[in-house]
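Here are some exercises on reading a structure. Try each task before you read its solution.

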Amino acid sequence: MNQVNVVEQLTAERNQLAKQAVHVHKFGGSSLATAQCIERVVDIIRQHCQLNDLVVVSANGDTTDALFATYQLALERQDTLTSAIAQLYQAQVELIKSLLSAATAERMIDYLKSDIQQLTHWLTSTPEQYQADFLSFGELWSARLLSAILSERVCPSYYLDARDFLVINNDQQCVVDNGISLEQFNQVTQLGKLGVVTGYISKDSAGKTCTLGRNGSDYSATIMASLTGALNVTLWTDVDGIYSADPRVVPTARKLHRLPNGVAKELGRLGNPVLHAKTLQPLTDHSTHLHVASSFDYQNTGTEIGKFGQIAKQELSVTYLNDLLLAQSESFLGQQGEQAQHLFAAICSDTEAGYIVISQAQQKAVSQWLASHDTEVSFTPVAILATVGHKVVHHGDVKARFKRALKHEQVFAIANSPFQHSLIAILPQACSVELLNHVHHDMTKDARHIGLVVAGLGNIGERFLQLLPKQLTQIPLLENLHLVGLISSKKALINNDGIEVSQAFALFEQEAKNYDHQLLMSWLSNHPYDELIVVDITPSEAFSLLYGEFFKQGIHVIGANKWAASSSTEHYNDLLTTAQQHKSLWLGNTTVGAGLPINYAIQDLINSGDQIIEISGIFSGTLSWLFETYDNSVPFSQLLLDALAQGITEPDPREDLSGRDVQRKLLILARMAGFELSLTDIDCQNLVPEALQQLSTEEFLAQAAALDSYFADAYLQAADQGCCIRYIAKFSLQDNGQLCASVGLAVLTENDAFANLTPCDNVFQIRSHWYQDNPLLIRGPGAGRDVTAGGLHSDLVNICRQLVHRQQQVKLKGINTL
Ligand SMILES: NC(=O)C1=CN([C@@H]2O[C@H](COP(=O)(O)OP(=O)(O)OC[C@H]3O[C@@H](n4cnc5c(N)ncnc54)[C@H](O)[C@@H]3O)[C@@H](O)[C@H]2O)C=CC1
Ligand SMILES: N[C@@H](CC=O)C(=O)O
């Protein structure tokens, strides 16, 4: 059996033994720096770990630095060594005493004393020989302490010195010997307990201690994941994720919520301060999810790295590396150049121009390689500034933007990354903070990604989705909008990678799962988008009751649903306050007049300093269509079914006939105009006979003929006087300051402004201080699929515009503070 097969078999066996796939958690030094930090870590473990999981730890706080300084003293200043060792000892004793019971602490201090004896012996005899062994104490103490705390307070736990199993191949720097390591790991691991493993350290094939270099503990964690077949690794650190640039230098850097593996590797390769090139190396089959999160703010979602689909656009980031060398030689042309690129894992290269970019440490090796080719070489100090994103080398628009951002800079060349995920500018001088901020701003200024969830896929929802693909391609403001959720009353489809808009319905049919309220709410509170917009195209009161929760999460809402905007005064005011507090936007253009700009007109009048005194008119497309069409030649009930089939009625047409829908609209308009009112303040004439009021929708529709005689009589009586019947809504401000509001059937003369509408039209007549004698009229179709779906799209663009504007304000603020 070859080595790969051995590893596969052993991993499979281990996974069968484990109740669930192992999850590896790694805690960095800063996460374990003080007793308080360690308490937090214990809390995280309590909430996130299961038995058989593995916890990989770095040394507490700056213990490794202190060990290294002590080691230097051993080489240079033996006289101060004793006090340095005493300080190391004292720091550990304090942690032990403050975190463990007296009995366990005593045992731990005994172990510590024996370690101190050992290291003192090394340092005072031949320190050079034991440098790695000496540095290993940091991780050893950290793992032993945490494991003891967990055993006392959380669950059975044991600590593992990685040198007991992890073997690094001597010939290749830091490459793991998987076969032996796994075999030995299986001998030392203890099932049914939580293992705490030392990060950073390992042994070579001769059993000698070796360290895994800078940020070696992250590497240890992914090695452990690869050995055990873990599906998840969480790197708990002191930052809350990976950012679009180093946030210590670029204040406007944004957290990247989800990174495809390839992009993460590229970031690691090109200097990202959190991700390191080596960290991702062991995760070759890409089935492991890596998660970077803050142990200081562990409720906050961090960055997820994994095998993500690419429907949703990937975010761009900017990174840099100084102190590099540009090596130019004929040997870097053509195939030889490719060979050199590969051999030296160059940052970038150009085999037509004949150069590679390498680290300064590689100069000697490159010179030696070129000596055997007998060609000249020149080395020039350079830096690189790169923009990183999924396959950016294939995006001409990103390249053009990158070039524009650098147009005032001296740039040697812009090269494509050999891995396709970055464009790399080679600079003759170090990358300055100003340049980094400037380029980051230009590359990410429009890049706040907005998720879109559509609830209600009926008559209007379907049309809304049909219009979406064209809107996305034609409206630049929607550039970063991604459809991520579709919800009906029974099913839901959520996809963080985005749902292909042109196939939304088919995908919903195939992939939607049963609606699970808890699951949906938990997704909404952890969604990976910068902004989330929920479009409510349901007729559901229950769904409207979720708005408060949405607003608390900073989620924006567009409602065609009228329930929330016409709810009780207390609830409505609460919603407005919550939305304002959490900077959530709430638009409902279509709740009155479908796509008609009645809401904009009212807002404009208010902004102009006007005071609205009265609004009246016909606010129901359904009732407008019915009464404009009805002439007693066909039964009223037949027309009603016709209107339902055209999609202009409410799902239950009694909402229209009862006047409730119009009553709600009048309330919404009154609130827009600045009045405080509730539904019960509006007199409402119900046109549905009592006998039909309690039936199900289906029963009502089956018995709709019972409506006919009432409407025939009303029509004939009005016609006898040369008049017509219309359903009118009106509120007006009385001289005593009271608002008088009603909706109901009225008999109008044929030349009344509300009498001769195109069927389905709404008309709104506004009287105000500016428009008192000659009122303002807005008239047009007030219901129907196209106008309503269009009105919702208008709200969507409106919200995206406001969000872009908001983002520009933030960016400007960020730049000004530099
Ligand atoms: N028809 C029109 O001209 C206008 C309609 N509206 C409003 O648009 C909304 C939708 O109307 P239609 O599309 O005609 O209704 P519809 O009955 O055709 O579709 C409603 C959809 O909502 C879903 N739904 C119901 N309860 C839900 C819940 N709790 N959670 C998630 N989904 C739920 C249903 O599964 C269905 O897919 C209504 O609130 C209506 O008042 C607003 C302006 C004009
Ligand atoms: N049924 C309603 C639809 C829109 O709100 C109407 O007729 O106006």
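**Exercise 1. Two neighbouring helices**

Task: Work out how helices α23 and α24 are arranged to each other.

Solution.
Step 1. Locate them. Helices (H or I, at least four residues) and strands (E, at least two) are DSSP runs, numbered from the N terminus. Helix α23 covers residues 621-629 and helix α24 covers residues 636-646.
Step 2. Take the geometry. The two pack at an angle of about 140°, and their axes are 10 Å apart. Axes are lines fitted to C-alpha atoms, for helices over the stretch in contact, and angles run from 0 to 180 degrees between N-to-C directions.
Step 3. Classify. Angles under 35 degrees count as roughly parallel, over 145 as roughly antiparallel, 65 to 115 as roughly perpendicular and the rest as oblique. Therefore α23 and α24 are oblique to each other.
Step 4. Give the hand. A crossing is left-handed if the near helix is turned anticlockwise from the far one by less than a right angle, and right-handed if clockwise. The crossing of α23 and α24 is right-handed.

A note on the model: it is predicted, local features need pLDDT of at least 70, side-chain atom pairs count only at pLDDT 80 or more, and totals for chains, interfaces and linings use all residues. Residues are numbered from 1 along each chain as its sequence is written, while chains are lettered from A and ligands numbered from 1 in the order in which they are written.

**Exercise 2. Two further helix pairs**

Task: Classify the pair α2 and α7, then the pair α4 and α5.

Solution.
Step 1. Helix α2 (residues 35-48) packs against helix α7 (residues 137-153) at about 55°, with axes 11 Å apart. So α2 and α7 are oblique to each other. Their crossing is right-handed.
Step 2. Helix α4 (residues 81-99) meets helix α5 (residues 102-124) at about 160°, with axes 10 Å apart. So α4 and α5 are roughly antiparallel to each other. The crossing of α4 and α5 is right-handed.

**Exercise 3. An enclosed helix**

Task: Explain why helix α10 is described as largely enclosed.

Solution.
Step 1. Fix the cut-offs. A residue is buried if 20 or more other C-beta atoms lie within 10 Å of its own, exposed if 12 or fewer, and partly exposed in between; C-beta atoms are placed from the backbone.
Step 2. List the buried residues of α10. They are Val-263, Ala-264, Lys-265, Glu-266, Leu-267, Gly-268 and Arg-269.
Step 3. Conclude. Seven of the nine residues of α10 (residues 261-269) are buried, so the helix is largely enclosed by the rest of the structure.
Step 4. Look past the end. Just after α10, Gly-271 takes a positive phi of about 100°.

**Exercise 4. Two ligand shells**

Task: Describe the surroundings of ligand 1 and ligand 2.

Solution.
Step 1. Count for ligand 1. A residue is near a molecule if its C-beta atom, placed from the backbone, lies within 6 Å of it. The shell of ligand 1 holds 29 residues, and the closest are Gly-456, Gly-458, Asn-459, Pro-651 and Ala-783.
Step 2. Find the elements. Helices α16 (459-474) and α19 (541-544) each give two or more residues to this shell. The largest share, three residues, comes from α16.
Step 3. Sort by class. Ala, Val, Leu, Ile, Met, Phe, Trp, Tyr, Cys and Pro count as nonpolar, Asp, Glu, Lys and Arg as charged, and the others, Gly among them, as polar. Around ligand 1 there are 13 nonpolar, 14 polar and two charged residues.
Step 4. Place ligand 1. Domain 3 (450-591 + 791-805) and domain 4 (598-781) both give residues to its shell, so ligand 1 lies between them. The domain bounds come from an automatic or database domain assignment.
Step 5. Turn to ligand 2. Its shell includes Ala-594, Ser-620, Asp-656 and Asp-661. By class, the shell of ligand 2 has three nonpolar, five polar and three charged residues.

**Exercise 5. Positive phi in loops**

Task: Describe where Lys-391 and Gln-420 lie.

Solution.
Step 1. Lys-391 sits in the loop between β18 (378-388) and α14 (396-405). Its phi is near 50°, a positive value in a residue other than glycine. Lys-391 has 17 C-beta neighbours inside 10 Å, so it counts as partly exposed.
Step 2. Gln-420 sits in the loop between β19 (413-416) and β20 (422-427). Its phi is near 75°. Gln-420 has 15 C-beta neighbours inside 10 Å, so it counts as partly exposed.
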